[in-house]
Amino acid sequence: MSDESQQLEDILIALMDKEDLADDDVVAMIELHPKHREDILQFYEDWLTADDGRDGPRHDSGYVPDISHLWTPTGAGRIENPFEHLSPADLKGIVSRCGLSLSLMTALEERAIRASTIPLLLVRQLAKETKSTVREILQFLDQDQTTLASDFRSDHAPVKRDKISFLEAIESSSLSETAKHHWRNLSE
């Protein structure tokens, strides 16, 4: 069994061991293990529909629970930009406290980096700095990349650019080699 499948098995066992498994437990586990998001949600859907003798409301055999609010990161409303209300001085402070470069912070704010590759430690720090939750930061970063004015041409539609990994962003940033090494270690 590979390390990744063993990790997923451990995650699912931890969820099964919960006394009263609820949406919040599933969301917390997804925040801890974002790369297993779909597997965790599929497990939860199966868990809710299984007739395994557990106490709880009985449903007819065609019942399917509505957990769509967990599947779709957009939830009920628009995802707000957690950096929007910050001044340039505030952003520079965040850059300094998080050990980032301005170019890396810009890439994060433009959602140019795949959210699943960003170290959770950094996501937690950004949530703390912006007075947001980890979930809100991940939802924001997981959206499509912003379209910049330079992407528009008068006779062409905007070009959708591919997101890059956090490691690629680190390598192309102006961070010192020591800082790059620090982030490389956290990204692996």
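In this predicted model, Glu171 and Arg184 form a salt bridge whose closest N and O atoms are 2.5 Å apart. The two partners come from distant parts of the chain, with Glu171 in helix H9 and Arg184 in helix H10, 13 residues apart. How exposed is each partner to the surroundings? Glu171 has a relative accessible area of 40%, which lies between the limits of 20% and 50%, so this residue counts as partly exposed. Arg184, at 21% relative accessibility, is also placed in the partly exposed class, because burial requires a value under 20%.

Arg184 has a further partner. A salt bridge joins Arg184 to Glu177, and here the closest N and O atoms are 3.5 Å apart. Glu177 is exposed, with a relative accessible area of 53%; that label follows because the value is over 50%. Which residues make up the network of salt bridges around this site? The linked residues are Glu171, Glu177, Lys180 and Arg184. For a reader new to the idea, side chains of opposite charge can pair when their charged atoms come close.

The structure as a whole holds four salt bridges. One of them pairs Arg97 with Glu129, with 2.8 Å between the closest N and O atoms. Arg97 belongs to helix H5 and Glu129 to helix H7, which spans residues 120–130, so this bridge ties together parts that are 32 residues apart in sequence. Are the two ends of this bridge buried or exposed? Arg97 is exposed, at a relative accessible area of 53%, whereas Glu129 is buried, at 15%.

Aromatic side chains provide another kind of contact, and the count comes to two aromatic pairs. In one of these, the ring centres of Phe83 and Phe140 are 5.9 Å apart and the planes meet at 65°, so the pair is edge-to-face. The reasoning is short: planes over 60 degrees apart count as edge-to-face. Phe83 sits in the loop between helix H4 (68–71) and helix H5 (88–98), while Phe140 is part of helix H8 (residues 134–141), so the contact ties together parts that are 57 residues apart in sequence. Phe83 is buried, with a relative accessible area of 1%, and Phe140 is buried as well, with a value of 1%.

The rings of Phe166 and Trp183 also pair. Their centres are 5.7 Å apart and their planes stand at 80°, so this pair is edge-to-face too. Distant parts of the chain are linked here, since Phe166 is in helix H9 (residues 166–171) and Trp183 is in helix H10 (residues 177–187), 17 residues apart. Both Phe166 and Trp183 are buried. Helices H9 and H10 are thus joined by this aromatic pair and by the salt bridge between Glu171 and Arg184.

Charge also shows up at the surface. Which residues form the negative surface patch? Asp3, Glu4, Glu38 and Asp39 do. Helix H1 (3–16) and helix H3 (37–49) are the elements that give two or more residues to this patch. Asp39, found in helix H3, is partly exposed, with a relative accessible area of 40%. That value also fits the patch rule, because patch residues need over 30% relative accessible area.

Two backbone details are worth a look. Arg111 has a phi near 60°, a positive value in a residue other than glycine. This residue is placed in the loop between helix H6 (102–109) and H7, and at 13% relative accessibility Arg111 counts as buried. Lys131 likewise has a positive phi, of about 55°, although it is not a glycine. Lys131 lies in the loop between H7 and H8 and counts as exposed, at 77% relative accessibility.

Stepping back to the overall picture, how many helices and strands are there in the protein? There are 10 helices and zero strands, so the pattern read along the sequence is α-α-α-α-α-α-α-α-α-α. Of the 188 residues in the protein, buried residues make up 35%. Among the buried residues are Phe83, Phe140, Glu129 and Arg111.

Methods. Residues numbered from 1 in each chain as written. Predicted model: local features only at pLDDT ≥ 70, side-chain atom pairs only at ≥ 80, totals over all residues. Heavy atoms only, no water. Patch = residues over 30% accessible without salt bridge, like charges linked within 9 Å, V, L, I, M, F, W, Y side chains within 5 Å. Areas by Shrake-Rupley, 256 points an atom, 1.4 Å probe, with all protein chains shown as cover. Salt bridge = Lys/Arg side-chain N within 4 Å of Asp/Glu carboxyl O. Lys, Arg positive; Asp, Glu negative; His and termini not counted. Charge placed at Lys NZ, Arg CZ, Asp CG, Glu CD. Helix = DSSP H or I, 4+ residues; strand = E, 2+ residues; numbered from the N terminus. Buried < 20%, exposed > 50% of the residue type's maximum accessible area, 1.4 Å probe, protein only. Phe/Tyr/Trp six-rings, centres within 6.5 Å; stacked < 30°, edge-to-face > 60°.
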